[in-house]
Amino acid sequence: MNEIDHTYWYLTRASGLAAYLLLFTSVTLGLTMTGDVLERFLRRHRIYDLHRFLSLLTLGICIFHALIVLPDDYIGFSIIELLVPFASPYRPEFMALGVLSLYLTAFIVGTFYVRRFVTYPAWRLIHYGTFGAFTLALVHGVGAGTDTDAGWAQYLYAATGLIAFNLLVYRALKGSARGIRHESSASALPEHSRRRPADLG
């Protein structure tokens with residue numbers, strides 16, 4: 001009797017965890033970009049470049065996570081079940097949240113390449129969606145992940161969720177201290193000198 005090969009299942013579990021942690025890192029960077037938390041250590045344009053790179057890497061790992069189970073005959077997912085919300089026979093509501101998180105992440109990553117055509121207020125509003133993608137991924141991991149019952153996974157989800165939420169509250173309450181300083185100083189500059197660092201991307 002042939003032994004069942006669970007390689008693809010292990011790969012999707014590992015890549016799912018990696019994608020979640022990368023998304024968490026991208027969210028934390030995004031939530032601190034307009035404040036002064038990281039600017040004490042890195043220049044703003046460096047933070048922006050790192051945020052963009054992490055977002056692209058996260059999307060790649062998310063796609064790998066979603067599709068790596070296709071060759072696994074034991075699991076038996078089809079491409080439709082993996083990419084269409086609520087089509088999965090396995091915990092469809094939680095799998096759908098993962099699919100929506102993937103699509104939202106892809107949309108946000110795409111906006112990096114049309115940055116010059118998007119107004120700054122619209123850009124900020126769109127990129128708040130990164131927190132939405134993270135929240136969807138968090139609930140997806142808790143509800144569909146096979147490691148959720150493990151103590152380390154519960155601590156991981158709780159800690160990352162709490163950190164991201166606290167950063168969101170911090171940013172909402174504090175506002176963009178960086179933006180306020182920029183506007184007050186930029187008013188005295190010529191118009192051609194008022195480009196935001198983010199526009200360099």
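# Salt bridges, helices and an aromatic cluster

A search of the whole structure finds two salt bridges. The model in which they occur is a predicted one. As general background, side chains of opposite charge can pair when their charged atoms come close.

One salt bridge joins Asp147 to Arg13, and the closest N and O atoms of the pair are 2.6 Å apart. This pair links distant parts of the chain: Asp147 lies in the loop between H6 and H7, Arg13 lies in helix H1, and 134 residues separate them. Asp147 has a relative accessible area of 22%, so Asp147 is partly exposed. Arg13 is likewise partly exposed, because its relative accessible area is 30%.

Another salt bridge is formed by the side chains of Arg52 and Asp49, with an N to O distance of 3.7 Å. Here both partners belong to helix H2 (residues 44–67), where they are three residues apart, about one turn of the helix. Arg52 has a relative accessibility of 23% and therefore counts as partly exposed. Asp49, at 32%, also counts as partly exposed.

A charged residue is also found beside an aromatic ring. Arg115 lies over the face of Trp123, at 4.8 Å from the ring centre.

The overall fold gives these details their setting. The chain contains eight helices and zero strands, and from the N terminus on its elements run α-α-α-α-α-α-α-α. Of the 201 residues in the chain, 38% are buried. The chain exposes about 11,500 Å², of which carbon and sulfur atoms supply 66%. Among the contacts with a separation of 6 or more, 67% are between residues 24 or more positions apart.

What fills the interior? In soluble globular proteins, nonpolar side chains tend to be buried together. In this model, the largest nonpolar core has 14 residues, and those that touch the most other members are Tyr20, Leu23, Val27, Phe134 and Ala164. Helices H1, H6 and H7 (151–174) each supply at least two residues of this core. Ala164 shows how such a residue is surrounded: leaving aside neighbours within four places in sequence, Ala164 is in contact with Phe24, Val27, Leu31, Phe131 and Phe134.

Aromatic rings deserve separate attention. Rings count as a pair if their centres lie within 6.5 Å, and by this rule the count comes to five aromatic pairs. One of them is formed by Tyr20 and Phe134: the ring centres are 5.4 Å apart and the planes are at 25 degrees, so the pair is stacked. Tyr20 belongs to helix H1 (residues 7–32) and Phe134 to helix H6 (residues 129–144), so that distant parts of the chain, 114 residues apart, are linked by the pair. Tyr20 is buried because its relative accessible area is 5%. Phe134 counts as buried because its relative accessibility is 2%.

Phe134 also forms an aromatic pair with Phe131, and this pair is tilted, with 6.4 Å from centre to centre and 40 degrees between the planes. Unlike the pairing of Tyr20 with Phe134, which links distant parts of the chain, the pairing of Phe131 with Phe134 is within helix H6, where the two residues are three apart, about one turn of the helix. Phe131 has a relative accessible area of 18%; buried means under 20%, and Phe131 is therefore buried. Together, Tyr20, Phe24, Phe131, Phe134 and Tyr157 form one aromatic cluster.

Helix H6 also contains Ala137, which counts as buried because its relative accessibility is 14%. Leaving aside neighbours within four places in sequence, Ala137 is in contact with Tyr20, Leu23 and Ser101. The C-alpha atoms of Ala137 and Gly98 are separated by 5.5 Å, although these residues are 39 residues apart along the chain.

Ser101, a contact of Ala137, lies in helix H4 (residues 92–111). Is Ser101 buried or exposed? With a relative accessibility of 4%, Ser101 counts as buried. Apart from neighbours within four places in sequence, the contacts of Ser101 are Leu23, Ala133, Leu136 and Ala137. Leu23 is thus in contact with both Ser101 and Ala137, and Leu23 is also one of the core residues that touch the most other members.

Notes. Residues are numbered from 1 along each chain as its sequence is written. This is a predicted model: local features need pLDDT of at least 70, side-chain atom pairs count only at pLDDT 80 or more; totals for chains, interfaces and linings use all residues. Side-chain values use heavy atoms; hydrogens and water are left out. Rings of Phe, Tyr and Trp (its six-membered ring) pair if their centres lie within 6.5 Å; planes under 30 degrees apart count as stacked, over 60 as edge-to-face and the rest as tilted. Helices (H or I, at least four residues) and strands (E, at least two) are DSSP runs, numbered from the N terminus. Buried means under 20% relative accessible area, exposed over 50%, partly exposed in between (1.4 Å probe, protein chains only). A charge sits over a ring if NZ of Lys or CZ of Arg is within 6 Å of the ring centre and within 35 degrees of the ring normal. Contact means heavy atoms within 4.5 Å. A nonpolar core is a set of buried Ala, Val, Leu, Ile, Met, Phe, Trp, Tyr and Cys residues joined through side-chain atoms within 4.5 Å. Accessible areas come from the Shrake-Rupley method with a 1.4 Å probe; for residues, only the protein chains shown count as cover. A salt bridge is a side-chain nitrogen of Lys or Arg within 4 Å of a carboxyl oxygen of Asp or Glu.
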